[in-house]
Amino acid sequence: MFKDRVFSVVKSIPEGSVLTYKEVAIRAGKPKAHRAVGNILNSNYDRTIPCHRVIRSDGKIGGYNRGSSAKLKKLKREGAIG
């Protein structure tokens, strides 16, 4: 199932690193499904899946189901962004 592959890819993102929605889609086997990746991650509330480590291709942080400011704080704390 694509959702499970997305979660597996996202779980493998190390602390202090990020991937784009497009990169996650490619690694999950569906290169054009970056919007689906966003929808899958938006509905995730499992804290073991670090959804905050997935950003937009244009460098903006994108959405987060716990709020964009929370995502930004987590990424800064991990050293993924300045």
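**Figure 1. Four helices and two strands make up the secondary structure of this predicted model.** The protein chain has 4 helices and 2 strands. Starting at the N terminus, these elements follow one another in the order α-β-α-α-β-α. The C-alpha trace spans about 30 × 25 × 20 Å along its principal axes. A compact globule of 82 residues would have a radius of gyration near 12 Å, and the 11 Å of the protein chain agrees with that. Of the 82 residues, 38% count as buried. If you look at contacts with a separation of 6 or more, 49% of them come from residues 24 or more positions apart.

**Figure 2. A close-up of helix 1 and its buried residues.** Here you can find F2, V6, F7, V9 and V10, the buried residues of helix 1. Seen down the helix axis, these residues fall within an arc of 160 degrees, so they line one face of helix 1. What lies over them? The cover includes strand 1 (19–20), helix 2, helix 3 and strand 2.

**Figure 3. Helix 1 packs against helix 3.** Helix 1 covers residues 2–11 and helix 3 covers residues 34–42; the two pack at an angle of about 80 degrees, with their axes 10 Å apart. Angles of 65 to 115 degrees count as roughly perpendicular, which is why helix 1 is described that way relative to helix 3. On the helix 1 side, the contact is made by F2, K3, V6, F7 and V10. Helix 3 contributes A36, V37, I40 and L41. By residue class, this contact holds 8 nonpolar residues, no polar ones and 1 charged.

**Figure 4. Helix 4 has buried residues and, on its other side, exposed ones.** In helix 4, which runs over residues 68–78, look for K71, L75 and E78: these are buried. Down the axis of helix 4, its buried residues fall within an arc of 65 degrees, so they line one face of the helix. Turn to the other side of helix 4 and you will meet S69, K73 and R77, which are exposed.

**Figure 5. The surroundings of helix 4, with its cover and the residue that follows it.** Which elements cover the buried residues of helix 4? Among them are helix 2 (21–27) and strand 2 (54–55). Strand 2 and helix 2 are also part of what covers the buried residues of helix 1. After helix 4 comes G79, and the phi of G79 is positive, near 80 degrees.

Methods
Residues are numbered from 1 along each chain as its sequence is written. This is a predicted model: local features need pLDDT of at least 70, side-chain atom pairs count only at pLDDT 80 or more; totals for chains, interfaces and linings use all residues. Side-chain values use heavy atoms; hydrogens and water are left out. Buried means under 20% relative accessible area, exposed over 50%, partly exposed in between (1.4 Å probe, protein chains only). The arc is that of the directions from the helix axis to the C-beta atoms. Contact means heavy atoms within 4.5 Å. Axes are lines fitted to C-alpha atoms, for helices over the stretch in contact, and angles run from 0 to 180 degrees between N-to-C directions. Angles under 35 degrees count as roughly parallel, over 145 as roughly antiparallel, 65 to 115 as roughly perpendicular and the rest as oblique. Ala, Val, Leu, Ile, Met, Phe, Trp, Tyr, Cys and Pro count as nonpolar, Asp, Glu, Lys and Arg as charged, and the others, Gly among them, as polar. The radius of gyration is taken over C-alpha atoms; the globule rule is 2.2 Å times the number of residues to the power 0.38.
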